Amino acid sequence: MIDNNIAVHLDGVRKIFGSQIAVDNLDLAVPKGTIFGFIGPNGSGKTTTMRMILRIYKPDAGQVTVLGDTVGDVADDRVGYLPEERGLYRRMTVRRVLRYFARLKGVKRPDAVITEHLERMGAQDWGNKKIEQLSKGMAQKIQFIVAVISKPQLIILDEPFSGLDPVNMEMLRDAVLELKKNGTTVIFSTHDMEMAEKMCDRVFMIYKGKKVLDGTLDEIKSGYGANVLRVRMADGSPLPETIPGVNDQIQSGRFVDLQLESESMRSTVLRNLAAVGDVEHFETVRPSLHDIFVRIARI
Amino acid sequence: MRKLLVIAHREYAAMVATKAFLFTLIMMPILMFGGLFLMPKLSTLSGGKTQRIVVADGTGKLLDSLKTSADDRNKWIQASVEKKENNSADTKKLVNGSDERRGFEEQPDIYELIAAESPELNDAARLKLSDEIRSGTLYAFVEIPAAVLSEAEQTTPAKISFVSQDAMLSSARQWMAAVLQDRVNTIRLERLNLDPQLVAKANAPLAVDPTMPYTAKEDGSANAAKSGDTLVALFLPFGVMMLMFMVIFLAAQPMLESGMEEKSQRIAEVLLGSVTPTQMMAGKLIGNVCGSLMIFAIYGIGGWLIVDQNGWNANLPWNLIPWFIVFQLLGVLFFSSIFLTVGASISELKEAQSLLMPIWLVLMMPMMIWLVALRDPNGIVATTLSFFPPSAPLMMILRLASGQTIPAWQPPAAAILLLASTALVVFFAGRIYRASLLRTDSARTLKQIFGRLSNH
């Protein structure tokens, strides 16, 4: 049964390369019109999953449904793609490259669309420059235009912000948010957890080919509970090496984050700390996406 | 279909609209055929020197004749250079020492003959003269043994030694051999009381002229081939074969670079977001075939103009054009698919050399044995190679252009076999291409390339 509100649906998908399982029994549903964050350590299976959504790879098992279509291995013109490793014909001019990719995606009268995109990216003067003459940031903007030039219903961005300076990062972030505003579904992978928290409606984490997180930020954070205490002793003195009820201590600037065995241990821990010295700062901290990522990846 | 045409259009433009392509398009025929025209010009640049030759005449009867001939020759050359009219047959005999025609004209050297200190040289004298040759003060020295004139030696001729740095290729040696042969023959005949002039008349050479088959005129009479048609008949098949080689070479090479660029620059992944690997490969091959047809048209028109200017039209095998196009298209598809796959499997151009060398060698095999194949176009070697897919395009077109009758079933049979092989190559190349495009490593052996078939 195809759900019209779902842009991408993966059902028990598996992909194996030689003896290595890249993606294992993966289920995923990306709601239409959302920004969907794809996180996970290097080599966890993010790019393989995205390539299966793009039908560059065929799954060895399971089913991939994209924009309601489950048939065939023909690339879909309704899907835009910005790969992690950027690639453009170095000896072609910007306008010719954009015209080529626009025509491949079936854009009629591409020149007007190209001009519009170049102006939006502040790149109106680059049309006749060769790709090899562009800086990395400039080339990345052109690559982004390639991905969005056909006004796709679904766009997949693999590490779109890597290597960009803060100004260009902001510009690209605004462009992605505008895509969402226009109803485009955006899947993007990133290692920048702060950016993912700011932009994503839902987050999906894959680790060693398996799904380990999937939900809205609130759902994910509440799932990890409020079992972190941020404390500081009055004279800055170190905490005892072992504190009953605490699993782990992580230095966080002037503070120390204590990983509790459970939320119910907060009062016990406070009493224990007060017994060894004057507690200057004591607060319950909700784990950030970064904390959750690190916690999962350390297991 | 739209995507195929978009890719084909880009590939065609990328192939023909580059300076490198234009350069190769011009240089290729110059490198292939230019030598034939350049060699005579280059040889005139090195001619015109005075060559000092020491002669040790053990007979005591030949040096004067040699000097007289050399003087006559030198005077002729000087006079000819002044008049620039050294093309007559008499001049050639004087310059070359015989009536034998040479392949091209060159500025001849002047010979200065010097008598050796002694008519018979000892080792010390030989070493001294050899040193002079090495230092460049002497061009050569010649030892003529007395036995040369001995009648007893006529069945096993005495050897005259000609010592120089370039003895094997020396024009002076050839001239001297001819003059000495003439003079020694005369002396021998006189000793046998025979009139040398009568013997020369009796030995006048017969001319067996190579002539092409007659063609029928409109009135039914036989039309004799023009002189020179024989040479055209020899070199035209070679030219046709070279034309096909150039088209295949110029078409296949950009495929290698294209496959490699899209892999190494990570363009493939962007493209695969829009098209399938099969569409990519098919589009590239269509663009490539269009490019090859353009090359064929350029070289074909150029070749026709040369043929027309020289009045060789009658020899043109017009009936070959359909076969040429069939074998050229199949050849381009066959080799371009292989080159594209190799390009997509490697990261650097140098890695392609070891992979493509065996393929090049098989393609070029007909060029190495073209004379053998032309002498016997229906022989086992030529026939076998015209059915072996990698060598089939060049060998079959060479056989067809030879003018001899080829069994009628063979060209279509070879074309069908080549078509089937091409389809197979395109199929497997497509699978390897698909598996190789997104890999970051290089395949350095054919085994590694074929191993990718099982990994996708």
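In this predicted model, the buried residues of helix α2 of chain A pack against α3 (110–120) and α4 (136–148) of chain A, together with α1 of chain B. Helix α2(A) spans residues 94–104, and because 9 of its 11 residues are buried, this helix is largely enclosed by the rest of the structure. The buried set consists of Val94(A), Val97(A), Leu98(A), Arg99(A), Tyr100(A), Phe101(A), Ala102(A), Arg103(A) and Leu104(A). Just after the helix, Gly106(A) adopts a positive phi of about 80 degrees.

Helix α2(A) also takes part in the contact between the two chains, to which chain A contributes 22 residues and chain B contributes 15 residues. On the side of chain A that touches chain B, the largest share, 4 residues, is supplied by α2(A). The residues on that side of chain A comprise 13 nonpolar, 3 polar and 6 charged.

Helix α1 of chain B (residues 2–16), against which buried residues of α2(A) pack, is in turn packed with helix α10 of chain B (residues 277–309), at an angle of about 45 degrees and with the two axes 7 Å apart. Angles that are neither under 35 degrees, nor over 145, nor from 65 to 115 count as oblique, and α1(B) and α10(B) are therefore oblique to each other. Their crossing is right-handed. From α1(B), the residues that meet α10(B) include Leu4(B), Ile7(B), Ala8(B), Tyr12(B), Met15(B) and Val16(B), as well as Lys3(B), Arg10(B) and Glu11(B). Among their counterparts in α10(B) are Met280(B), Ala282(B), Ile286(B), Cys290(B) and Met294(B), along with Gly283(B), Gly287(B) and Gly291(B). The residues of this helix contact divide into 11 nonpolar, 6 polar and 4 charged.

With respect to the nonpolar interior, the largest core contains 138 residues, and those with the most contacts inside it are Ile156(A), Met244(B), Val247(B) and Ile397(B). The element that gives the most to this core is helix α8 of chain B (residues 229–264), with 15 residues. When neighbours within four places in sequence are left aside, Ile397(B) is in contact with Val240(B), Met241(B) and Met244(B), and likewise with Trp323(B), Phe324(B) and Phe327(B). A second core, separate from the largest one, has 25 residues, among them Phe141(B), Val142(B), Trp175(B) and Leu180(B).

Key: Residues numbered from 1 in each chain as written. Chains lettered and ligands numbered in written order. Predicted model: local features only at pLDDT ≥ 70, side-chain atom pairs only at ≥ 80, totals over all residues. Core = buried A, V, L, I, M, F, W, Y, C linked by C-beta atoms within 7 Å. Buried ≥ 20, exposed ≤ 12 C-beta atoms within 10 Å, placed from the backbone. Helix = DSSP H or I, 4+ residues; strand = E, 2+ residues; numbered from the N terminus. Contact = placed C-beta atoms within 7 Å. Axes fitted to C-alpha atoms, helices over the stretch in contact; angles between N-to-C directions. Left-handed = near helix turned anticlockwise from the far one by under 90°. Nonpolar A, V, L, I, M, F, W, Y, C, P; charged D, E, K, R; others polar.
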